[in-house]
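Welcome! Take a moment to look over the structure below, and then let us walk through it together.

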Amino acid sequence: MIMALVAGTMLWAGTALAQPFNTNFTFSVNQVVPDNDVNGLVLATNLTLSGNSITAVTVGLNVSGGYNSDLYAYLAGPGGFAVLLNRVGVSNTASALGYGDAGFNVTFSDAAANGNIHFYQNVSNPGGGQLTGIWQPDGQNIDPQSASLAFLTAPQTAMLASFNGTNPNGQWELFLSDVSPGGQSTVVSWSLNITTTTVPEPSILVLTGLGLAGVVRMIRRRK
């Protein structure tokens with residue numbers, strides 16, 4: 001009976017603490033990304049969410065015009081960093097200029113079936129227009145002005161999973177730069193979907209344990 005009571009209490013507490021919270025933020029921007037300027041455009045926001053530990057992040061990005069292969073973009077949060085775009089299509093001397101399509105209206109998810117957006121024309125060819133769909137982030141954490149061959153073998157190391165387990169509360173920053181002359185891109189809007197849970201502080205776990213021990217002692221005294 002005692003063990004059943006303790007187990008039931010722990011199960012209830014664990015269920016309450018592990019409750020997921022899903023929050024979506026959408027930001028209208030309508031700002032131009034400066035052409036051929038590595039300083040780029042910084043879009044920052046301070047967030048306060050329910051829960052203190054991230055379990056999943058996805059990002060939406062709507063960009064019009066310009067040349068897609070000119071763009072470098074990353075998302076930084078209080079405890080993570082992900083490269084969303086890094087000069088898509090650039091891969092070797094034969095593809096040194098990358099993809100010349102104009103714009104993105106995409107969602108970034110590490111689990112996207114379309115695969116790495118860096119090579120999106122292997123899956124979808126927008127014919128010079130705006131790319132759509134759900135894609136994995138570029139993830140290539142190298143200088144966007146690296147030699148073209150470096151993009152052919154660079155691994156996906158800066159992914160959205162880097163945010164998992166971190167606290168979501170604080171400043172988030174979307175950065176975009178156009179690192180090559182010609183064409184001009186406009187950020188129409190972007191969105192951020194964050195799933196969190198509440199992880200108890202160690203002190204709370206200790207207090208919970210002490211409380212349960214007290215319950216057990218009280219029941220034993222009544223026998």
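What share of the 223 residues in the protein is buried? The answer is 43%. Please keep in mind that this is a predicted model. Its secondary structure amounts to 3 helices and 9 strands, and the strands are a good place to begin.

**The overall picture**

- Going along the sequence, you meet the elements in the pattern α-β-β-β-β-β-β-β-α-β-β-α.
- Take the contacts between residues at least 6 apart in sequence: 78% of them join residues at least 24 apart.
- The protein exposes about 10900 Å², and carbon and sulfur atoms supply 56% of that area.

**The sheet of 4 strands**

- An open sheet is formed by 4 strands in the order β2-β8-β4-β5, with antiparallel pairing.
- At its edges are β2 (37-47) and β5 (81-86), each of which pairs on one side only.
- On average, neighbouring strands of this sheet are turned by 15 degrees against each other, with direction ignored.
- Within this sheet, strand β4 (residues 71-76) pairs with β5 over 5 bridges, in the antiparallel sense.
- If you would like one position to look for, find L75, which stands opposite A82 in β5.

**The sheet of 5 strands**

- Another open sheet has 5 strands in the order β1-β9-β3-β6-β7, and here the pairing is mixed.
- Its edge strands are β1 (21-32) and β7, and each pairs on one side only.
- Neighbouring strands in this sheet are turned against each other by 15 degrees on average, direction ignored.
- Strand β1 and strand β9 (residues 186-197) run antiparallel and are joined by 10 bridges; S28 has S189 in β9 as its bridge partner.
- Strand β3 (residues 53-64) and strand β6 (residues 103-108) also run antiparallel, with 6 bridges joining them; V63 stands opposite F104 in β6.
- Strand β6 is joined to strand β7 (residues 131-135) by 5 bridges, and these two strands run parallel; N105 stands opposite T132 in β7.
- As a help when viewing any strand, side chains in a regular strand alternate between the two faces of the sheet.

**Aromatic rings**

- How many aromatic pairs does a search of the whole structure find? It finds 10.
- Why is the pair of Y74 and F81 called tilted? The ring centres are 5.0 Å apart and the planes stand at 45 degrees, so the pair falls in that class, which takes in angles that are neither under 30 nor over 60 degrees.
- Is Y74 buried or exposed? Y74 has a relative accessible area of 16% and is buried, because buried means under 20%.
- F81, in turn, is partly exposed, with a relative accessible area of 28%.
- Y120 and W135 form an edge-to-face pair, with 6.2 Å from centre to centre and 65 degrees between the planes.
- Y120 lies in the loop between β6 and β7, while W135 lies in strand β7, so this pair ties together parts that are 15 residues apart in sequence.
- Y120 is buried, at 0% relative accessibility, and W135 is buried at 0% as well.
- Y72, Y74, F81 and F175 form one aromatic cluster, so look for the tilted pair of Y74 and F81 there.

Conventions: Residues are numbered from 1 along each chain as its sequence is written. This is a predicted model: local features need pLDDT of at least 70, side-chain atom pairs count only at pLDDT 80 or more; totals for chains, interfaces and linings use all residues. Side-chain values use heavy atoms; hydrogens and water are left out. Buried means under 20% relative accessible area, exposed over 50%, partly exposed in between (1.4 Å probe, protein chains only). Contact means heavy atoms within 4.5 Å. Accessible areas come from the Shrake-Rupley method with a 1.4 Å probe; for residues, only the protein chains shown count as cover. Two strands pair if DSSP finds at least two bridges between them. Axes are lines fitted to C-alpha atoms, for helices over the stretch in contact, and angles run from 0 to 180 degrees between N-to-C directions. Rings of Phe, Tyr and Trp (its six-membered ring) pair if their centres lie within 6.5 Å; planes under 30 degrees apart count as stacked, over 60 as edge-to-face and the rest as tilted.
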